[in-house]
Structures are given as structure tokens and as C-alpha cells.
Amino acid sequence: MTHLLDVKGLTCPMPILRAKKMLNSLSPGEELEVLATDPGSVKDFDAFCATTGHQLIAADEADGVYRFVIRKAA
């Protein structure tokens, strides 16, 4: 099941903090789709997943909206 988190309009570090909080409530293997507008979120989510063990399974951008799909680690 994929959960949606819309953090458009928020700047660093809020997108990461909101995603971390929501991931804490998910079960291992569940996915979180994050929509953000902060260009810095690209490197932030990459680093966040690298340090937490969560898997960044998709990252793309369209019309200034960045989309990340994160699978919660076991």
C-alpha cells in the first residue's frame, strides 16, 4: 500500500521531518509517496534514505514538483 504525503511549499528540513514522522507510522515494506517543491529535497531524500536504510524506489520531477517513493525498511 502506498501512502501520500504532500509537502509542497515547505522548505528544508520540513519535507524530511514530515516524511520521517509518517514513515515511523508505517509497517516495513509499505511505501510513502512524497510530493515536494523544494529543489533541495532531491539531495535531502537521497541522503535520508542512505542513512536510514529506507529504499528510494523512485524520484522524478514534473512542472516543479518533485516526487519520491520510499519503501520503509524492515
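## A word to know first

A residue counts as buried when its relative accessible area is under 20%, and as exposed when that value is over 50%. Keep these two cut-offs in mind as you look around this structure, which is a predicted model.

Glu-30 makes a good test case. Its relative accessibility is 19%, so Glu-30 counts as buried. You can find Glu-30 in the loop between α1 and β2. Leaving out residues up to four places away in sequence, Glu-30 touches Met-1, His-3, Ile-70, Arg-71 and Lys-72. Gln-55 is 25 residues away from Glu-30 along the chain, and their C-alpha atoms are 11 Å apart.

## The overall fold

Now step back to the whole protein chain. It has two helices and four strands. Starting at the N terminus, these elements follow the order β-α-β-α-β-β. The radius of gyration is 11 Å, close to the 11 Å that the globule rule gives for 74 residues, so the chain is as compact as a globular protein of that length. Along its principal axes, the C-alpha trace spans about 30 × 25 × 20 Å.

How much of the contact network links residues 24 or more positions apart? Among contacts with a separation of 6 or more, such pairs account for 66%.

## Inside and outside

Of the 74 residues in the protein chain, 36% count as buried. On the outside, the chain exposes about 4,200 Å², and carbon and sulfur atoms supply 55% of that area.

Charges are part of the picture too. The chain carries 8 positive and 10 negative side chains. The centres of these two sets lie 8 Å apart.

## The nonpolar core

The largest nonpolar core has 15 residues. Which of them touch the most other members? They are Leu-32, Val-34 and Phe-45. Several elements help to build this core: α1 (14–24), β2 (31–36), α2 (41–52) and β4 (65–71) each supply at least two residues.

Phe-45 is a good residue to click on. Setting aside its neighbours within four places in sequence, Phe-45 is in contact with Pro-15, Ile-16, Ala-19, Val-34, Phe-68 and Ile-70.

One of those partners, Pro-15, sits in helix α1. Is Pro-15 buried or exposed? With a relative accessibility of 2%, Pro-15 counts as buried. Besides Phe-45, Pro-15 touches Val-7 and Leu-10, again not counting residues up to four places away in sequence. For a sense of distance, take Glu-31, which is 16 residues from Pro-15 along the chain: the C-alpha atoms of the two are separated by 16 Å.

## Two backbone details

Two places in the loops are worth a look. In the loop between β1 (2–6) and α1 you will find Pro-13. The peptide bond that joins Cys-12 and Pro-13 is cis, with an omega of about 10°.

The other place is Asp-63, in the loop between β3 (55–62) and β4. Asp-63 has a positive phi of about 55°, although it is not a glycine. Where Glu-30 counted as buried, Asp-63 is exposed, with a relative accessible area of 81%.

How values were computed: Residues numbered from 1 in each chain as written. Predicted model: local features only at pLDDT ≥ 70, side-chain atom pairs only at ≥ 80, totals over all residues. Heavy atoms only, no water. Rg over C-alpha atoms; globule rule 2.2 N^0.38 Å. Buried < 20%, exposed > 50% of the residue type's maximum accessible area, 1.4 Å probe, protein only. Contact = heavy atoms within 4.5 Å. Areas by Shrake-Rupley, 256 points an atom, 1.4 Å probe, with all protein chains shown as cover. Lys, Arg positive; Asp, Glu negative; His and termini not counted. Charge placed at Lys NZ, Arg CZ, Asp CG, Glu CD. Core = buried A, V, L, I, M, F, W, Y, C linked by side-chain atoms within 4.5 Å.
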